Amino acid sequence: MMGLVDRFSTSLGLARSLVVYYGQPWRRSALRRFYSSIVNPGELVFDIGAHVGSRSSTLLSLGANVVAVEPQPAFAEFIERRFAAHLTGFERVAVGRMAGEIDLLISSRHPTVTSISSRFVETVGQSKGFSQVVWDRKVTVPMVTLDHLIAKYGLPAFCKIDVEGAEAEILHGLTKPIPLIAFEYIPAMPSVASNAIDRLMGLGAYRFNRVVGERHRFVSERWKTADELLVELSQMPTEGASGDVYARLDRQ
């Protein structure tokens, strides 16, 4: 059970996340325009690592059928209160390579960097951008696979994955290609992106693009091969800006 100080830190961290994701309306408008170009009304989408539901909210506003997944207790409670009635499904679980249980590593003051990856915590904790972050809590949560979610809800047209260093692990729990997948890349941990890309290429013929930070636009008009993107990512400085890799199944 959390003490008074822990509850205050958690409330402060949640408030900070709400300001970041809901307090900049111009970025929310840009996100809506961006998603409207890649997601159609009525399509099923998975939001893995839903945080405070900003992506789920935008996707819902576009008429998508959203399954949100968020194991972090403070975020999960917020999503249940605000969005649960509008979601196709909501799962308070982690997603990974196999079903079971796993420890969730939580930073009360910076809850958006909650992770199931101890390697992520050890690696980025040494970088300048994470110098003020302390992972001060640990809770055990259920874990399922993407295959499990697909069996329950169906194959999504789009799956967004933002889980702080566990993206490749999640993709190893997938055995069929999803038409469009987005996963976070962090220059301080290049192996996560390269492993995720390798896994996707084992599932299907994908082409790739990326978005830097919260800019909500592709950096290139041309979708690239896996090798081209891997070269591009390898040239980024360790302290460079994170972002999202988009993988689109090439049906040609």
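Reader: In what order do the seven strands of the open sheet stand?

Author: The model is a predicted one. Its open sheet combines seven strands with mixed pairing. The strand order is E3-E2-E1-E7-E8-E10-E9.

Reader: Which strands stand at the edges of this sheet?

Author: A strand at the edge has a single partner strand, so one side of it is left without a neighbour in the sheet. This applies to strand E3 (89–91) and E9.

Reader: How many bridges join E9 to strand E10, and how do these strands run?

Author: Arginine 207 stands opposite arginine 248 in E10. Strand E10 covers residues 243–249 and runs antiparallel to E9. The number of bridges joining E9 to E10 is seven.

Reader: Over the face of which residue does arginine 248 lie?

Author: The distance from arginine 248 to the ring centre is 4.3 Å. That ring belongs to a residue of an aromatic cluster that also includes Phe34 and Phe218. The residue is tryptophan 223.

Reader: Is the aromatic pair of phenylalanine 34 and phenylalanine 218 stacked or edge-to-face?

Author: The centres lie 4.9 Å apart, with 70° between the planes. Planes over 60 degrees apart count as edge-to-face. The pair is therefore edge-to-face.

Reader: How many residues apart in sequence are the parts that this pair ties together?

Author: Phenylalanine 34, in helix H2 (residues 25–36), is buried at 7% relative accessible area. Phenylalanine 218 is partly exposed at 24% and lies in the loop between strand E9 (206–212) and helix H9 (226–234). The pair therefore ties together parts whose separation in sequence is 184 residues.

Terms used. Residues are numbered from 1 along each chain as its sequence is written. This is a predicted model: local features need pLDDT of at least 70, side-chain atom pairs count only at pLDDT 80 or more; totals for chains, interfaces and linings use all residues. Side-chain values use heavy atoms; hydrogens and water are left out. Rings of Phe, Tyr and Trp (its six-membered ring) pair if their centres lie within 6.5 Å; planes under 30 degrees apart count as stacked, over 60 as edge-to-face and the rest as tilted. Helices (H or I, at least four residues) and strands (E, at least two) are DSSP runs, numbered from the N terminus. Buried means under 20% relative accessible area, exposed over 50%, partly exposed in between (1.4 Å probe, protein chains only). A charge sits over a ring if NZ of Lys or CZ of Arg is within 6 Å of the ring centre and within 35 degrees of the ring normal. Two strands pair if DSSP finds at least two bridges between them.
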